[in-house]
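These entries record what I looked up, beginning with one helix and ending with a helix pair.

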Amino acid sequence: METLSHWISGAHVKGGDRHADVFNPATGEVQAKVPLASKAEVDAAIAAAAAAQPAWGATNPQRRARVMMEFVRLLNRDMDKLAEALSREHGKTIPDAKGDVQRGLEVIEFCIGAPHLLKGEFTDSAGPGIDMYSLRQPLGVVAGITPFNFPAMIPLWKMGPALSCGNAFILKPSERDPSVPLMLAELLKEAGLPDGILQVVNGDKEAVDAILDNETIQAVGFVGSTPIAQYIYARGCANGKRVQCFGGAKNHMIIMPDADMDKAADALIGAGYGAAGERCMAISVAVPVGDATADALIERLIPRIEKLKVGPYTAGDDVDYGPVVTAAAKANIEKLVQSGIDQGAKLVVDGRNFSLQGYEEGFFVGPHLFDHVTTEMDIYRKEIFGPVLSTVRAQTYEEALGYAMDHEYGNGTAIFTRDGDTARDFAARINVGMVGINVPIPVPLAYHTFGGWKKSGFGDLNQHGPDSFRFYTRTKTVTARWPSGIREGGEFNFKAMD
Ligand code: NAD
């Protein structure tokens with residue numbers, strides 16, 4: 001069985017005593033062991049990064065951008081290999097795995113614009129003989145802690161801007177699917193990134209805590225579940241670091257009576273069940289407005305759900321979604337489905353007891369659809385992160401809007417309507433970070449920023465887009481007087497510029 005490594009100073013480095021199992025979710029078999037770094041290993045990786053960073057920070061931004069340009073070429077070259085490794089550990093289909101790489105790659109393309117994005121501001125003649133300018137400088141050594149569900153995209157979202165800004169970057173990927181992040185590190189070396197500037201330390205809580213407590217680390221970007229996001233935000237901030245944490249979700253899609261009901265049903269199938277619901281932007285709550293809308297929607301959803309093909313990624317195009325990531329994730333979904341039944345929701349499509357011949361040990365979960373879900377039920381309050389769609393019936397637009405507004409999560413949301421006035425009102429009033437109008441999964445493109453509100457996001461800057469260049473740099477403002485000024489004698493008071 002393969003034993004994976006860390007990636008330190010440009011080479012694979014074996015771990016110590018502690019290891020975790022990496023599963024093939026389609027078969028349920030352990031396919032590799034991943035090392036779990038100790039505090040001493042993490043500290044050593046950070047120290048090596050700190051030694052390498054000044055030269056990288058002093059490299060002109062255009063040269064750093066050229067590394068990213070070559071990295072894009074290599075990502076495209078190795079797309080099939082990356083997707084296969086990703087699907088084998090995560091379970092998602094190959095086209096979905098390629099999408100995972102692609103959406104990360106697009107952020108690297110954005111980072112090629114670093115020379116432009118890092119330009120500071122300049123005021124000529126702010127006073128007599130005085131110029132004022134601001135510089136965007138790298139922070140030094142920064143870190144990213146990433147989740148299992150996008151093992152290429154989210155590490156790329158973090159490392160691209162951090163490295164392009166001149167920082168050294170410590171990546172602590174998910175221990176459930178660590179192979180692709182290691183492959184990304186190999187490709188960056190091939191693209192010309194100097195050794196030590198990207199370190200991949202595999203690990204669990206011990207490695208995360210070592211990052212949070214290490215004084216050299218200047219900033220931490222996290223993506224994962226909300227309880228861990230809150231923990232990392234609190235501990236990182238208490239240690240004086242810049243921290244941004246993106247957490248869980250419960251994304252509502254409102255379906256107005258005037259919506260194209262077939263299109264809304266199609267959209268819900270992809271957004272609710274794609275990637276087995278293991279997306280932070282998945283739609284997990286449908287809110288049809290009016291009983292007639294709800295009935296029309298359910299009537300269209302049922303046959304579409306019954307046609308969904310669930311299977312291993314190796315079955316190619318014949319599969320709509322694959323297994324969930326672990327046996328524990330499957331058990332948690334099953335427990336929540338049971339709670340929905342016990343608490344009185346109507347299970348319209350029952351995906352329990354789903355089994356696939358030849359893959360009985362795989363972590364497959366059949367698709368579920370609930371109707372008549374109410375706001376106090378666990379299936380409504382909690383993130384299920386599985387192929388389970390809950391329908392909450394609203395009688396009016398205001399009631400539907402209220403459900404999305406009152407939920408503790410605020411990552412994504414969507415409205416399906418033909419009415420521009422309703423759509424505009426929704427976009428203006430909703431307290432959620434990413435909004436779709438007749439778009440079920442409104443993931444912003446690389447040059448905009450990605451981030452949720454409420455308990456889906458902690459910190460004040462978003463991921464990728466211009467915000468990421470702000471997060472991974474700090475501003476220094478210089479006031480320069482040339483050439484006379486001081487020669488006229490000392491000044492003792494602040495005064496307005498003449
Ligand atoms: P997770 O919180 O279990 O793990 C995320 C990271 O935190 C991993 O690297 C893991 O090793 C580490 N970690 C886990 N437990 C820890 C602990 N006790 N102390 C310190 N570190 C710990 O999340 P996951 O299951 O890998 O990912 C799924 C979650 O991520 C879902 O809640 C999903 O909504 C969320 N997510 C959010 C976004 C977003 O942008 N908002 C994007 C993708 C995923």
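**Notebook: helices H2, H3 and H7**

I looked first at the cap: Asn60 caps the N-terminal end of H2, with a side-chain oxygen 2.9 Å from the backbone nitrogen of Gln62. I note that this is a predicted model, in which local features need pLDDT of at least 70, side-chain atom pairs count only at pLDDT 80 or more, and totals for chains, interfaces and linings use all residues. Residues are numbered from 1 along each chain as its sequence is written, and side-chain values use heavy atoms, with hydrogens and water left out.

I took helices (H or I, at least four residues) and strands (E, at least two) as DSSP runs, numbered from the N terminus.

I then listed the buried residues (under 20% relative accessible area, 1.4 Å probe, protein chains only). In H2 they include Arg64, Phe71 and Leu75; in H3 they include Met79, Glu89 and His90. The cover over the buried residues of H3 includes strands E4 (19-24) and E5 (29-35), along with H2, H4 and H7.

Just after H3, I found Gly91 with a positive phi of about 105°.

Last, I examined the packing of H3 (residues 79-90) with H7 (residues 179-191): the angle is about 155° and the axes, lines fitted to C-alpha atoms over the stretch in contact, lie 9 Å apart. H3 is therefore roughly antiparallel to H7 (over 145 degrees, on a scale from 0 to 180 between N-to-C directions). In contact (heavy atoms within 4.5 Å), Lys81, Leu82, Ala85, Leu86 and Glu89 of H3 meet Ser179, Val180, Met183, Leu184 and Leu187 of H7.

Notes. Angles under 35 degrees count as roughly parallel, over 145 as roughly antiparallel, 65 to 115 as roughly perpendicular and the rest as oblique. Buried means under 20% relative accessible area, exposed over 50%, partly exposed in between (1.4 Å probe, protein chains only). A polar contact is a pair of N or O atoms within 3.5 Å; within protein, one must be able to donate a hydrogen and the other to accept it, and residues adjacent in sequence count only if both atoms are side-chain atoms.
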